[in-house]
Each structure stands twice: as structure tokens, then as C-alpha cells.
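This report looks at side-chain contacts: salt bridges, aromatic pairs and nonpolar packing. Please read it alongside the model.

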Amino acid sequence: MASFWQPMVKTCIFVCWWRCIFFRATSSLPITFFASSRKLIPAGVRVTIRVVRCRSFVPSSLSIISMVVNALYNIVDQIFIGQGVGYLGNGATNVVMPMTVIAIALSLLIGDGAAAYLSLKLGEGDEKSAANGIGCSISVMAIVGIVLCVLFNLTLEPLCRLFGATEDILPFAMDYGRIISYGILFASIDSGMAGMIRADGSPKYSMAGLLVGCITNIILDPIFIFVFNWGVKGAAWATIAGQILNAFLYLAYIRKFKSIRLDKACFRISRKVIAKVSSLGISSFITQIAIVLVMAVTNNILVSYGAQSKYGAEIPLTTIGITMKVNQIVSAVLLGLATGAQPIWGYNYGSGQKDRVKQTYRVILTASTIMLILAFLVFQFAPMSIVRLFGSESELYNEFAVKCFRIFLLACPINGLQMATGIFFQAIGRPGQATVLSLSRQIVYLLPATLLLPLALGVEGALWAGPLADVLAFITTLVMLKIYWKKI
């Protein structure tokens with residue numbers, strides 16, 4: 001029974017640990033932000049602001065919760081797999097992750113595009129076209145999910161090798177990936193319909209679906225892994241069980257849309273509608289595909305150069321996956337803070353009250369930086385407190401895991417500028433600048449650095465690519481701000 005409860009306790013500690021970091025980082029400045037919101041929002045504009053009491057008043061943002069829950073989905077699996085299977089099992093999840101991101105990219109291409117299409121058509125007063133856009137998009141998402149399920153099953157082994165699986169990790173990746181591929185249809189519906197439901201004015205319902213899926217995963221993981229002894233297969237079944245429940249909740253919303261009415265005719269596929277929807281969702285698609293590309297290159301570089309080092313191929317592959325997923329939780333909170341400010345930025349910019357836009361930007365940037373500094377202190381001075389959550393391994397494993405956190409996330413305190421500024425530009429109607437910033441770190445800087453630095457520094461060169469890309473992206477953001485700040 002100890003092996004059953006220990007990972008459960010560690011998972012709860014992990015979630016609470018990040019909750020405390022977030023609350024401490026936001027317990028002062030966001031209070032100022034929300035307290036002064038009446039100064040930032042013109043009279044006559046109704047904006048609902050909710051405040052939650054937890055030791056001190058903190059902002060309760062549905063966007064933050066949704067993004068953090070999304071980030072926790074994968075990391076929960078890794079905690080239980082690390083405790084019950086070992087680091088080779090965690091390496092398998094890192095290999096399979098790009099396949100899931102491909103599915104998410106395609107579902108966001110359609111889902112985010114459909115959400116924007118819904119808002120545009122409702123703004124034009126064309127409810128019929130809005131309904132056709134949503135119905136058509138749901139049909140296409142379902143087809144894409146089924147096609148990907150078949151393709152991933154037929155090409156699973158070559159895909160696992162493409163994304164960095166070694167001979168030792170491959171059996172675990174095949175077991176985990178095969179089951180995860182069965183749930184691709186439901187994962188596509190979850191990712192795509194979340195945006196549609198939020199656009200229809202039901203962010204709480206969207207968040208509830210995510211929470212149900214995540215909680216189901218957390219409950220079933222220890223049962224399937226430790227009680228049934230299913231190993232990585234148990235983690236995969238727990239994941240898709242959560243995805244199925246989430247999908248059923250979202251599909252049930254089809255009859256609950258507030259702004260449109262969906263009938264059978266709405267679900268007919270129209271090339272014209274899908275072309276327009278896809279054009280609106282292309283930014284989300286590009287961002288996700290960039291992540292797939294970076295993960296594939298990073299995994300293969302670490303396997304190649306790791307095999308030539310004392311760490312071997314599997315340790316670097318596994319530990320970088322854990323490091324990136326932990327960092328995703330920090331990024332999720334930062335993105336949630338920025339997206340929560342989007343309506344204020346957009347309205348005040350549109351009404352010409354640019355001082356208010358800049359004031360809000362400064363507050364969001366300051367809050368983000370404080371949280372990143374706190375996270376940085378943990379990554380630098382207590383990385384083993386995170387590493388141990390994912391299982392106790394050899395000294396070599398722990399040594400490289402600590403290096404991952406300390407080196408790869410060395411420049412994380414400056415990441416808030418790029419994230420906040422990218423969403424800021426998007427909110428004030430400058431999508432070109434927002435796209436440049438979102439792709440600069442991943443494609444322009446991180447990818448070449450990951451390929452080149454290991455030539456001189458070996459396997460650790462791939463880790464130094466992280467802070468180098470962060471610094472260069474920070475400089476790029478400063479330059480763009482200098483150019484456009486006075487024009488705002």
C-alpha cells in the first residue's frame with residue numbers, strides 16, 4: 001500500500017507547491033492591478049472581476065486555471081510512471097508527446113479558428129453562418145481525430161524512432177503510444193471544442209471539462225499502475241479515460257450553445273467554411289508545430305550526444321522532458337495572466353486610452369517577473385526537490401537532472417517579457433509582431449543553438465541552447481518594444 005499512496009502524496013505536494021509559488025508571486029502586485037481596474041476600464045463597460053481569498057486576496061483567472069490544468073495533464077503521468085516504472089517509462093512519454101502535440105496542433109487549427117469565426121459572424125449578426133462554422137468544424141475535428149488514430153497506429157514504431165526512442169525506451173514507448181493513439185479522437189475534441197465553448201460565453205463549462213479529465217487521470221493513475229500493475233499502459237489508459245470524460249462533457253454542450261442553434265445541416269462539411277476557419281486558427285497551429293519540431297530535434301541531439309557521454313542516451317532524453325514539462329506550468333500561469341488582461345488592453349487601445357494600456361502592461365510584466373524569479377530560485381537552489389517527485393534514480397541521473405534545471409532554465413527570469421509582449425501585441429491588433437515574437441525563441445534561436453552548441457560542448461550544449469535562446473528572444477522583444485512603444 002505504501003507504493004500506492006506515496007506517488008499520490010507526491011502529486012498533491014507538487015500541485016500545492018506550484019499553487020503556493022503562484023500565490024506568493026501574485027499576492028501583492030495583482031491586488032494593485034485588480035484594485036485599480038476601475039481606473040483602467042472606462043465607465044459603462046461591464047467587466048466581471050472575481051477575487052478569491054487565500055491567505056490574501058489573489059486574482060482568480062479562469063484562463064490561468066485552464067492552462068495550468070492542461071500542463072498538469074502530462075506531468076501527472078510522469079510522476080506516477082517515475083515512481084512505478086522508472087525513468088525509462090518517463091523517457092517513453094517524452095517520445096510520444098510530439099504525436100499528441102501534432103493532434104493538438106490540428107485541433108487548434110480548427111477549434112481556435114472556429115472560435116474566432118463564431119465571434120466574427122455573431123458580430124456581423126449572421127447567426128446561421130456562425131452555426132454552420134461551428135458544426136462544420138466539429139465534424140472535421142472528428143474526422144481528423146479518426147485519421148490520426150489510424151495513422152499513428154500504422155506508423156507508431158517509425159514515429160517513436162523519429163522522436164528519439166532508443167532500443168531500451170522503444171518497448172515502453174510502443175506500449176504507451178499505442179494506447180494514447182486510441183484516445184487521439186477524444187484529445188482532438190477536448191482541445192478544439194474548449195475554445196468554441198469559451199467563445200460562446202461559457203468559460204466555466206470549458207474549465208470544468210478540463211478539471212474532470214485531469215482529476216480522473218490523477219485518481220486512475222495510481223490504481224492502474226500500482227494496484228493493477230499495468231505500468232506505462234496503466235498511465236496511458238488513465239489519460240484517455242480522462243480525455244473521454246472531457247470529450248463527452250464538451251459534446252454534450254452542442255445542445256447548450258447560447259448564441260447559436262445547431263441542427264443536422266450545420267454539421268455538413270464545407271470547403272469554403274473550413275478554409276476560412278483554418279486561416280483564423282493558423283497562428284495556434286504554427287506555434288504547436290514549432291514545439292513538435294523543437295522536441296524532435298532536441299530529443300535526437302540528446303540521444304546522440306548523450307550516448308557519447310557518461311550519462312548514456314536515456315538519461316538526458318528523460319530529464320529534459322521532465323524539465324520542459326515543469327517549465328510549462330510556469331509558462332501556463334504567465335500566459336494566463338497575460339490573456340486575462342487581453343480585454344482591458346483591447347478595449348482601452350480601441351478607445352484611444354493608451355496610457356491605461358501601458359499601465360496594465362507594466363503591472364502584468366512586473367507580476368510575471370516576480371513569479372519567474374521565485375521559480376528561478378527553486379530551479380537553481382532546490383532542483384532535487386522537483387527531481388525526487390519523479391522517482392529515485394542513480395547518481396548520474398540525478399546529476400544530469402539537476403544540470404537540466406540549472407542550465408536549461410538559467411535565463412527563465414527574463415522570459416516573462418516575451419510572453420507578455422506577444423499577447424500584448426496580439427491584443428492591440430498587431431498579429432505580425434506577435435507571430436514574430438512567438439516563433440523567435442523556438443525556431444529562430446533555440447533550434448539552431450540546439451544543433452550547433454553540442455558540436456563544441458557535447459550533450460550539455462543542448463542545455464545551454466535554452467538560456468541562449470531566452471537571452472536572444474529577450475533582446476528581440478526589447479528592440480520591437482522600442483520601435484513600437486511610442487506608436488502605441
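Buried means under 20% relative accessible area, exposed means over 50%, and partly exposed covers the range in between. Glu460 has a relative accessible area of 23%, so Glu460 is partly exposed. The model is predicted.

**Salt bridges**

The count comes to eight salt bridges. Three of them are tabulated here.

| Acidic residue | Basic residue | Closest N to O distance |
|---|---|---|
| Glu157 | Arg161 | 3.3 Å |
| Glu460 | Lys403 | 2.5 Å |
| Asp470 | Arg441 | 2.4 Å |

Start with Glu460 and Lys403. Glu460 sits in helix H20, while Lys403 sits in helix H17 (residues 395-408), so their salt bridge ties together parts that are 57 residues apart in sequence. Lys403 is partly exposed too, at 21% relative accessibility. Both residues also belong to a network of salt bridges that links Lys310, Glu399, Lys403 and Glu460.

Helix H20 takes part in another bridge, between Asp470 and Arg441. Asp470 lies in helix H20 and Arg441 in helix H19 (residues 431-457), so this pair ties together parts that are 29 residues apart in sequence. Are these two residues buried or exposed? Asp470 counts as buried because its relative accessibility is 3%. Arg441 is buried as well, with a relative accessible area of 15%.

The bridge between Glu157 and Arg161 is local. Both lie in helix H7 (residues 156-162), four residues apart, so about one helical turn separates them. Glu157 is partly exposed, at 36% relative accessible area. Arg161 is partly exposed at 34%.

**Aromatic pairs**

The structure holds 15 aromatic pairs. One of them joins Tyr182 and Trp237, with 6.4 Å centre to centre and 40° between the planes, and is tilted. Tyr182 belongs to helix H8 (residues 170-182) and Trp237 to helix H11 (residues 232-252), so the pair ties together parts that are 55 residues apart in sequence. Tyr182 is partly exposed at 41% relative accessibility. Trp237 is partly exposed, with a relative accessible area of 36%.

Phe424 and Phe425 also pair: their ring centres are 6.0 Å apart and their planes stand at 45°, so this pair is tilted. Both residues are buried. They belong to one aromatic cluster with Tyr361, Tyr484 and Trp485.

**Nonpolar cores and surface**

The largest nonpolar core has 83 residues. Ile134 and Phe379 have the most contacts inside this core. Helix H13 (residues 314-340) supplies the largest share of the core, eleven residues. Another core, of 37 residues, lies apart from it. Phe80, Ala103, Leu170 and Ala236 are among the members of that second core. In soluble globular proteins, nonpolar side chains tend to be buried together.

Some nonpolar side chains form a surface patch instead. Leu468, Val471, Leu472, Ile475, Val479 and Ile483 make a nonpolar patch of about 450 Å². Leu472 lies in helix H20 (residues 459-484). Leu472 counts as partly exposed because its relative accessibility is 32%.

**Cysteines**

How many disulfides does a search of the whole structure find? The search finds zero. A disulfide is a covalent bond between the sulfur atoms of two cysteines. Cys160 is buried, with a relative accessible area of 0%. Cys404 is likewise buried, at 0% relative accessibility.

Terms used: Residues are numbered from 1 along each chain as its sequence is written. This is a predicted model: local features need pLDDT of at least 70, side-chain atom pairs count only at pLDDT 80 or more; totals for chains, interfaces and linings use all residues. Side-chain values use heavy atoms; hydrogens and water are left out. A disulfide is a pair of cysteine sulfur atoms within 2.5 Å. Buried means under 20% relative accessible area, exposed over 50%, partly exposed in between (1.4 Å probe, protein chains only). A nonpolar core is a set of buried Ala, Val, Leu, Ile, Met, Phe, Trp, Tyr and Cys residues joined through side-chain atoms within 4.5 Å. Helices (H or I, at least four residues) and strands (E, at least two) are DSSP runs, numbered from the N terminus. Patches are made of residues with over 30% relative accessible area and no salt bridge: like charges are joined within 9 Å, nonpolar side chains (Val, Leu, Ile, Met, Phe, Trp, Tyr) within 5 Å. Accessible areas come from the Shrake-Rupley method with a 1.4 Å probe; for residues, only the protein chains shown count as cover. A salt bridge is a side-chain nitrogen of Lys or Arg within 4 Å of a carboxyl oxygen of Asp or Glu. Rings of Phe, Tyr and Trp (its six-membered ring) pair if their centres lie within 6.5 Å; planes under 30 degrees apart count as stacked, over 60 as edge-to-face and the rest as tilted.
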